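Please go through the briefing below, which takes up how two helices cross and then how a sheet and its helices are arranged.

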Amino acid sequence: MDAPAAVAEPAPQERSTLGLEGRAVIVTGGTRGLGLATARRLCAAGCDVHLTYAHDDAAADAALRSLDGLKGTARAHRGDITDPATLPGLLDTVVRRHGRLDVFVHNAATFHPMRTLDADPAGVRADLATALDPLLGGAPLIAEAMAGGPGRIVAVSSTGARAVVPRYVSLGIAKAALESLVRYLAAELAGRGVAVNAVAASKLDKAGGPPVDPEVVERLVARVPAGRLTRPEDVADAVALLCTDEAAWIHGQVLTVDGGTALAA
């Protein structure tokens, strides 16, 4: 079978707005990687995006520069999103500026690589706290900030929540717990007009990241029916789709973004 032909992707400023213009958005962990790709997609759609980050001011400045010129606006807020004191102040800032919050994207994560039989309980607890605490503790405040109109909460998960990945046990457990939390929150918030869902990303093609053995990449790509590794932008597109008005009747679902990899497993 011939490899699929490459398809040209539109530039960020040319992407469809999906009817999201003017929406007020928070993206946790939004200044790098998948979080930044999500912020870029929503900013390109005309959203007013607020990015959280924990420590790296230089990365935050670079992220804001990369979003300059898109249809929406972007602001960065420093603070540990797992600290219970961080989210209330951020929500207050967003509501005072925009009147309400429309979208909350929970992307922040920590990762402590380890084997299951040599697991470090402290590392597992840290990954669980980052995955769960912002939503579990912050859900009442987020729902209150979304009162008066439809809201969207989207959590970023991983296919490692369901498949066994070497040295991934800590984050795999954390993401599995996050997907369970999404279902519980969806059931309780649907009546308030807030749709809670998740996107699960497969192995990402992180351009500019550490070098990867070309043979390993070739083997991974061979398992993807769509012919390439998943990019952060693919996941960001899925997040944006779940934020649209047309996604109002989707509750408690995990949308897998993997180019069909699971079909070939």
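Helix α3 passes helix α4 in a right-handed crossing, meaning that the near helix is turned clockwise from the far one by less than a right angle. This is a predicted model, in which local features need pLDDT of at least 70, side-chain atom pairs count only at pLDDT 80 or more, and totals for chains, interfaces and linings use all residues. Residues are numbered from 1 along each chain as its sequence is written, and side-chain values use heavy atoms, with hydrogens and water left out.

**Helix pair**
- The axes (lines fitted to C-alpha atoms, for helices over the stretch in contact, with angles from 0 to 180 degrees between N-to-C directions) of α3 (residues 86-98) and α4 (residues 121-145) come within 10 Å and cross at roughly 25 degrees.
- That makes α3 roughly parallel to α4, a term for angles under 35 degrees.
- In contact (heavy atoms within 4.5 Å) are L87, P88, L91 and V95 of α3 with P134, G138, L141, I142 and A145 of α4.

**Sheet**
- An open sheet of 7 strands (DSSP runs of E, at least two residues, numbered from the N terminus) has the order β3-β2-β1-β4-β5-β6-β7 with parallel pairing, where a pair requires at least two DSSP bridges.
- Because β3 (73-78) and β7 (254-257) stand at the edges with a single partner strand each, one side of each is left without a neighbour in the sheet.
- Strand β2 (residues 48-53) is joined to β3 by 6 bridges, and H50 has R75 in β3 as its bridge partner.

**Helix on the sheet**
- Helix α7 (residues 232-242) lies across β4, β5, β6 (194-201) and β7, running at about 165 degrees to β6.

How values were computed
Helix = DSSP H or I, 4+ residues; strand = E, 2+ residues; numbered from the N terminus. Parallel < 35°, antiparallel > 145°, perpendicular 65-115°, else oblique.
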